[in-house]
Amino acid sequence: MDAQTFLIYYKVHIGSWILLLILFGVLFVLYKWKLPFANRILRFMIWLLYIGQVTSGIAMIYAYQFPITYVIKGLISLILIYAMEVILRKTKRNRSGTSAYWFIWFVALAIVLLLGFNVGMNT
Ligand code: HEM
């Protein structure tokens, strides 16, 4: 992969993770208080962001030749996305039992951010 292509994936990845978290927060609040505001459009947007995040992540891992820490980061990111989906679905249907998933969300997010920013690694 040439440097230009890598830069595109990199920018998509670092440009959209904050947006993904904000959108998750917005959707959670909308579902919690049963506000009908643009739910479908925002739901579609968050799915696009999941896809963008995973695709750009895989492309970068490939470019880096699969370093183990980033592979682990990628797998835990999938757990993070799963936790967000379950939380949103349960909240939308007014179901209980989200606390375990909030715990998973919090731990997974912490690990993903630490590994993403290379905290504790000598790079
Ligand atoms: C919800 C999903 C994800 C979130 C929130 C997330 C978040 C982040 C963050 C915050 C960084 C650091 C960006 C920076 O240096 O400014 C990063 C880097 C990275 N992520 Fe993700 N990520 C996610 C999914 C993935 C997936 C699925 C993969 C791979 C399969 C992946 C692979 C990478 C790689 C390889 C880097 C290092 C980029 C570099 O510094 O050169 N990420 N990610």
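In the predicted model, leucine 42 is placed in helix 2, which spans residues 39–63. With a relative accessible area of 12%, leucine 42 is buried, because a value under 20% is the criterion for that class. When neighbours within four places in sequence are set aside, the contacts of leucine 42 are with Leu23, Val26, Leu27, Leu30 and Phe37. Along the chain, leucine 42 and valine 54 are twelve residues apart, and a distance of 18 Å separates their C-alpha atoms.

The iron atom of the ligand receives two protein donors, namely NE2 of His13 and NZ of Lys73, which lie 1.8 to 2.0 Å from the metal. Histidine 13 belongs to helix 1 (residues 3–32) and lysine 73 to helix 3 (residues 68–92), so that this pair, 60 residues apart, links distant parts of the chain. Around the iron atom there are six donor atoms, and the arrangement is octahedral because the angles that these atoms subtend run from 81 to 177°. Both protein ligands fall into the buried class: histidine 13 has a relative accessible area of 11%, and lysine 73 has a relative accessibility of 13%.

Helix 1 also contains tryptophan 17. In contrast to the buried histidine 13, tryptophan 17 is partly exposed, its relative accessible area being 22%; this value places the residue outside the buried class because that class is confined to values under 20%. Leaving out residues within four places in sequence, tryptophan 17 is in contact with Gln53, Leu113 and Phe117. Tryptophan 17 and threonine 69 are separated by 52 residues in sequence, and their C-alpha atoms are 19 Å apart in space.

The largest nonpolar core comprises 22 residues, of which Phe24, Ile46, Leu80, Met84, Leu88 and Trp105 touch the most other members. Each of helix 1, helix 2, helix 3 and helix 4 contributes at least two residues to this core. For leucine 80, one of the core members named above, the residues touched are Trp105, Ala108, Leu109 and Val112, with those up to four places away in sequence not counted. Trp105 thus appears both in this set of contacts and among the core residues that touch the most other members.

Two residues that are not glycines adopt a positive phi, as follows. Phenylalanine 66, for which phi is about 55°, is located in the loop between helix 2 and helix 3. Asparagine 118 likewise has a positive phi of about 55°, and its position is in the segment after helix 4 (99–116). The relative accessibility of asparagine 118 is 24%, and this residue therefore counts as partly exposed.

An unreviewed UniProt entry lists residues 12–33, 45–64, 70–88 and 100–121 under "transmembrane region". Of these annotated spans, two may be described further in terms of the model. Residues 45–64 are 95% helix and 0% strand, with the C-alpha atoms at the two ends lying 28 Å apart. For residues 100–121, the helix content is 77% and the strand content 0%, while the end C-alpha atoms are separated by 30 Å.

Technical notes. Residues are numbered from 1 along each chain as its sequence is written. This is a predicted model: local features need pLDDT of at least 70, side-chain atom pairs count only at pLDDT 80 or more; totals for chains, interfaces and linings use all residues. Side-chain values use heavy atoms; hydrogens and water are left out. Donors are N, O and S atoms within 2.8 Å of the metal (3.2 Å for Na, K and Ca); water is not among the atoms, so sites may look incomplete. Four donors count as tetrahedral if all angles lie between 85 and 135 degrees; four count as square planar and six as octahedral if opposite donors are over 155 degrees apart and all others between 65 and 115; anything else is irregular. Helices (H or I, at least four residues) and strands (E, at least two) are DSSP runs, numbered from the N terminus. Buried means under 20% relative accessible area, exposed over 50%, partly exposed in between (1.4 Å probe, protein chains only). Contact means heavy atoms within 4.5 Å. UniProt positions are given in the numbering used here, feature names are shortened, and annotations may be inferred rather than shown by experiment. A nonpolar core is a set of buried Ala, Val, Leu, Ile, Met, Phe, Trp, Tyr and Cys residues joined through side-chain atoms within 4.5 Å.
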